[in-house]
Amino acid sequence: MSTSPPAGPTPEEMRDMLRAMTLIRRFEERASEEYMAGRIGGFLHLAIGEEAAIVGTVSALRPDDPLTSTYREHGQALARGTDPRAIMAELLGRATGICGGRGGSMHLMDRERSFYGGYGIVGGSVPLALGLAWASHYRGDDRVSVTMFGEGAANQGVVSECFNMAGLWDLPIVFLILNNQYGMGTPVERAAAVEDFYPRATAYDIESWKVDGMDVLAVRAAISEAARLAREERRPACVELLAYRYKGHSMSDPDTVRDAAEKERWKARDPLVTFERVLLGEGIMDASAIAQMQAEVDQVVDDATEFAKGSPEVPVDQLADQVYAQPWNDDPRGSALVNP
Ligand SMILES: Cc1ncc(C[n+]2csc(CCOP(=O)(O)OP(=O)(O)O)c2C)c(N)n1
C-alpha cells in the first residue's frame with residue numbers, strides 16, 4: 001500500500017458524508033416499503049449496510065470522474081447528487097424517472113453527473129468502465145474511471161481481461177471490489193479459491209490493497225490514494241472493501257441462509273452509527289444537529305415518494321421509445337429488424 005497520506009475531510013465534508021449515508025439508508029428503507037406495497041416492479045436490490053463503501057468512494061472522487069456500478073446502485077446515484085425524486089420515480093416505473101421509467105431499479109444512469117450506470121449483468125460494467133478510462137487516456141484528460149463491483153463479479157473472466165488491459169496500457173481506472181462476502185446466498189469461501197480478491201490485480205502489475213468497508217473515513221482515504229495514483233501517476237489501482245449487506249440479495253430473497261449471529265455481529269459495526277460517534281466525539285455535530293439532519297432527510301424521502309406516486313406511468317405506446325430501434329414491432333412473430 002502506498003504510504004502517502006491523503007488529505008482528511010473538512011468538518012463540512014464530514015457532515016455532508018453523514019447526510020449522504022443517512023439519505024441512502026432512509027431512501028432504501030422506503031424503497032423496500034414501496035416494493036412490498038406492490039408499487040415497484042421487477043427486482044429491487046438494497047445496499048443497506050454498504051453506505052460507508054458508497055459514500056467514502058464518491059466523496060473521494062471528482063464529480064466528473066466516470067463511475068459505474070452494479071444493479072445495487074441507488075446509493076451511488078444519490079451520493080452523486082441525482083435528484084431523489086427522479087430515482088424514486090424510476091423505481092416506480094414513472095415517466096419522470098431518471099431514465100424515463102424504462103430502466104427501473106437496476107438501470108439508473110445520470111450522464112450529467114458522470115454516473116454511467118447500474119447493470120444487471122454481473123461483471124458487465126467493468127469493461128464499460130475500462131472503455132471510459134481508455135477514452136480519458138485517448139483524449140488526454142485527467143478524469144479517473146471508477147467501477148464498483150462485488151466479489152462474486154470478480155470471478156468473471158472479463159474482470160481479469162480488464163485488469164490485464166489496464167495494467168498493460170496504464171489506464172486511469174480504479175477497480176473497486178465491494179466484498180460483502182456473499183454472491184446471492186453463496187458465501188465467498190464456497191465460490192473463490194482464495195478469499196482475498198485484491199491480490200488478483202497485483203498479478204497484472206496493478207497496485208492494490210484491502211480496507212475496512214464499514215469505515216467511511218478509511219474508504220475515503222483508500223480511494224483518494226487510488227484516484228491520486230490513477231490521476232497523477234497514470235497508473236491503475238484496485239481497492240477491496242470488506243463490508244456486509246444487511247438484507248438478502250434482493251427483495252425476493254428471504255435471506256434464510258445466512259447465520260443470524262453473523263448478521264448481528266456486522267450490524268454492531270453499523271457504518272452510520274460508527275460515523276455519528278466520530279462526529280459527536282470531534283464536536284462536529286451534536287445530537288440535536290444529527291436529529292435535525294435525519295428529519296430533513298426523511299422529508300426529502302417523503303417528498304420523493306409522493307412525487308413518484310403522483311407521476312404518470314409511461315404510456316404503453318411509448319414504452320419502447322429509446323429502448324428498441326424504431327419502428328418497434330410488438331408482434332411476437334415479427335422483428336423490428338427484419339420487418340419493413
Ligand atoms: C452474467 C450473470 N451471471 C449471473 C447472474 C445472476 N446474479 C445476479 S447477482 C449475482 C451475484 C453477484 O454477487 P456479487 O458480485 O458479490 O455482488 P452482490 O450482489 O453481493 O452485491 C448473480 C450470480 C447475472 N445477473 N449475470
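These questions and answers cover the ligand site and the sheet of a predicted model.

The model is predicted, with local features needing pLDDT of at least 70 and side-chain atom pairs pLDDT 80 or more, while totals for chains, interfaces and linings use all residues. Residues are numbered from 1 along each chain as its sequence is written, and side-chain values use heavy atoms, without hydrogens and water.

Q: What makes the pair between R72 and the ligand a polar contact?
A: A polar contact here is a pair of N or O atoms within 3.5 Å. A polar side-chain atom of R72 lies 2.8 Å from a ligand oxygen atom, so the pair qualifies. N180 offers a polar side-chain atom at 3.0 Å from an oxygen atom of the ligand.

Q: How much of the ligand does the protein bury?
A: Alone, the ligand exposes 580 Å², and the protein buries 71% of that. Accessible areas come from the Shrake-Rupley method with a 1.4 Å probe.

Q: Why are β6 and β7 called paired?
A: Pairing needs at least two bridges found by DSSP. β6 (residues 207-212) and β7 (residues 237-242) have six, in the parallel sense, so they pair. One bridge joins E207 to A237 in β7.

Q: What makes β1 and β6 edge strands?
A: The open sheet has five strands in the order β1-β2-β3-β7-β6, with parallel pairing. β1 (67-68) and β6 each pair on one side only.

Q: What is the handedness of the unit made by β6, helix α8 and β7?
A: This β-α-β unit, with α8 at residues 216-232, is right-handed. That means the path from the first strand over the helix to the second runs clockwise, with the strands pointing away from the viewer.

Note on methods: Polar contact = N/O pair within 3.5 Å; in protein donor to acceptor, adjacent residues only side chain to side chain. Helix = DSSP H or I, 4+ residues; strand = E, 2+ residues; numbered from the N terminus.
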